[in-house]
Amino acid sequence: MKYVDEYRDGALARTIAARIAAAVRPGRTYHFMEFCGGHTHAISRYGVTDLLPPSVVMVHGPGCPVCVLPVGRIDMAIELALREKVVLCTYADTVRVPASGGLSLMKAKARGADVRMVYSAADALRIAREEPGREVVFFAIGFETTTPPTALVLREARAAGLSNFSVFCNHVLTPSAIAHILESPEVRELGTVVIDGFVGPAHVSTVIGAQPYEYFAEEYRKPVVIAGFEPLDVMLAVEMLVRQVNEGRAEVENEFTRAVTREGNARAKDLVAEVFELRRSFEWRGLGLVPYSALRLKTEWSAFDAERRFAMADRRVPDPKACECGAILRGVKKPVDCKVFGTACTPETPIGSCMVSSEGACAAHYTYGRYRSAA
Amino acid sequence: MTGTRRPYVRPVDFKAGLVDMSHGSGGRAMAQLIDELFVEAFDNAWLREMNDQARLPMPPGRLVVATDSHVVSPLFFPGGDIGCLSVHGTVNDVAMAGARPLYLTAGFILEEGYPLADLRRIVRSMAAAAREAGVPIVTGDTKVVEKGKGDGVFINTTGIGVVPEGIEISGDRARPGDAILVSGTLGDHGVAIMSLRENLAFETTIASDTAALHGLVAAMLASVPGIRCLRDPTRGGLATTLNEIARQSGVGMRLEEDSIPVRAEVAAACEFLGLDPLYVANEGKLVAICDPGDCGRLLEAMRAHPLGRDAARVGEVVEDPHHFVQMRTGFGGSRMVDWLAGEQLPRIC
């Protein structure tokens, strides 16, 4: 397929692999965190690590929108979905995330909740138009990539005077999550998590641009290379990171120049600023309460804010005890370090969120890579 | 019934009529519908006897029976409809034992209010598919459920065939070293259906591959009687089928991604829907596993048949105590091709 196959070319991959192998210094290791689940997925699906020298270690980050949703927020969504007249529209992966009491949105659906899987926020708005007698709620999740579309449908809903549409907002912010990881004791004090650099987000950066990462590069002395989600993008980013480490540089470099600029997408950012404001703090699975790390609807949009409209009470629920999703999302543990990985926790019977989304570290390793760890 | 039939005052209204509860009541309305729709379309000596069962001659060999219920949504899709699909699906299940399909039965569950014109289109498509396959529909059943309790039309078909002595095709016969072949491009049916789903309608020229494969199987067996496994990768696609066989046979498999045929349009649609063509349903493709020494001849026989034109060798059976299906990616790495988790595409067949 044109414009896709070019970025999955095996011959080019071998060329870059040879360059990386020649560039790595003997006797040292390179630990790079790929922040995004999109990168985690690409690395597993195309077998990228097979082409990297053993001294380059990829550490999975928390950039999987479904994975970082805490149990409490899913519980809140389920409560809402079970109310009379409510139609809850959600992205597909979310329906399988385990919540309290053995429930998930999918199980709530079997109990009579009207949960509909949509591919975009616009589909939720369409349902609201078509079913004026129902309360249609869009379960908005995701990083900066999915936020502008939510803002767009909100603006459309207001312009059309739709009174039966609202948004349960769970949009989160990438830079806050990166800062939180860099500030964590495992990275800063204990040194149990070594991070020599970041493969920076692809789609998120098309919106926010390369500029927001400059602070991390400078303040924490960590190189960041923004990379596309194709496997050759990842290979090239790794090569650029290895070179930065070797040369003692800590800069923001952009491998994904075909889509990302330093400033990002001004229109999308304006749209988001029009509709959303920062939350004082927000709970992330694995990271706990992270200050100023998520968005909510501004007061003037409160008519469309499901949390206010339905007087939803904030819930905080601890993760299941056996589940290591939290440590895995922080890069502290690998999926195989979790006792329930592949035994009690599988994609069919997930205990933690990282086993649900195809971008989750556990699901990616289970689906594509568990033969590597099978004795 | 003989030539002097139609003791009904007015014929069934196939223009504007709708299915109603009387069509499943066992009374005159049902008899008329059977008479003017099903018997007329499927027409054969056994149906004309108008008994509740068919008495059938059986050639020598072992009896092969398969049954399949069809609930596809939408009922009409590019390249086919639930009618021909219900014939092909069951003919293929019988054929995958290396058997010659001989007879089909058909059970209909109709929803009250469904347009008779559409029902006739479905039944005629089914009749045409059965005639083309040379497999008569010899007995059937019709039930009607209240509006809202069904989804237009559900069809169950059962197929009966015979497999001669000496042909031993089974999912537990794959051995390390065997070659894995597919008969053509993967994912066409699933993507054709997806293109019509209301929440993601997109324009495409991709048509379902729905087809009866027993002719292809006969040609393959004539060339290589020792084929070890045959299976049609329907729901769950190639990935699921290979995992089933790996588990049944107690082996592993290793695929070469670059050798797996996928149409560019299907690959593109999968790309933006976030699907993997290896998991998307097919209705006119088969997977064959054979001795590596037979591979060349089998591939030649497949490619000589119109339904196997794009046949390809996609990998080999290996020893693996974990029964993993692995794949060397086009990119140059390796990964697993696991069982389908959850539900990728509901109601695809």
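This report covers one pocket, one helix and the ring contacts of a predicted model.

## The second largest pocket

The second largest pocket has a volume of about 680 Å³. It is lined by 26 residues, and those closest to its centre are Thr49(A), Val57(A), Met58(A), His60(A) and Lys334(A).

Three elements of chain A each supply at least two residues of this lining: helix 2 (37-46), strand 2 (56-63) and helix 15 (361-373). By residue type, the lining holds 13 nonpolar, 8 polar and 5 charged residues.

## Helix 7 of chain A

Helix 7 spans residues 174-183 of chain A and is mostly covered, with 7 of its 10 residues buried. The buried residues are Thr174(A), Ser176(A), Ala177(A), Ile178(A), Ala179(A), Ile181(A) and Leu182(A).

## Aromatic pairs

Over all chains, the structure contains 14 aromatic pairs. One of them joins Tyr91(A) and Phe138(A) edge-to-face, at 5.5 Å centre to centre and 90° between the planes. Tyr91(A) lies in the loop between strand 3 (86-90) and helix 4 (105-110) of chain A, while Phe138(A) is in strand 5 (residues 135-142), so the pair ties together parts 47 residues apart in sequence. Tyr91(A) counts as buried at 16% relative accessibility, as does Phe138(A) at 0%.

Tyr215(A) and Phe216(A) also form an edge-to-face pair, because their ring centres are 5.7 Å apart and their planes stand at 65°. Here Tyr215(A) is partly exposed, at 46% relative accessible area, whereas Phe216(A) is buried, at 3%. Elsewhere, ring pairs link Phe35(A), Phe143(A) and Trp284(A) into a cluster.

## Charges over rings

In chain A, Arg158(A) lies over the face of Trp301(A), 3.6 Å from the ring centre. In chain B, the charged end of Arg121(B) sits over the ring of Phe76(B), 3.9 Å from its centre.

Notes. Residues are numbered from 1 along each chain as its sequence is written. Chains are lettered from A and ligands numbered from 1 in the order in which they are written. This is a predicted model: local features need pLDDT of at least 70, side-chain atom pairs count only at pLDDT 80 or more; totals for chains, interfaces and linings use all residues. Side-chain values use heavy atoms; hydrogens and water are left out. On a 1 Å grid over the protein atoms alone, a cavity is a set of points where a 1.4 Å probe fits but cannot get out, and a pocket is an open set with protein on both sides within 12 Å along at least five of seven lines; lining residues have an atom within 4 Å of a point. Grid points are joined across faces, edges and corners, and a volume is the space filled by probe spheres set on the points. Helices (H or I, at least four residues) and strands (E, at least two) are DSSP runs, numbered from the N terminus. Ala, Val, Leu, Ile, Met, Phe, Trp, Tyr, Cys and Pro count as nonpolar, Asp, Glu, Lys and Arg as charged, and the others, Gly among them, as polar. Buried means under 20% relative accessible area, exposed over 50%, partly exposed in between (1.4 Å probe, protein chains only). Rings of Phe, Tyr and Trp (its six-membered ring) pair if their centres lie within 6.5 Å; planes under 30 degrees apart count as stacked, over 60 as edge-to-face and the rest as tilted. A charge sits over a ring if NZ of Lys or CZ of Arg is within 6 Å of the ring centre and within 35 degrees of the ring normal.
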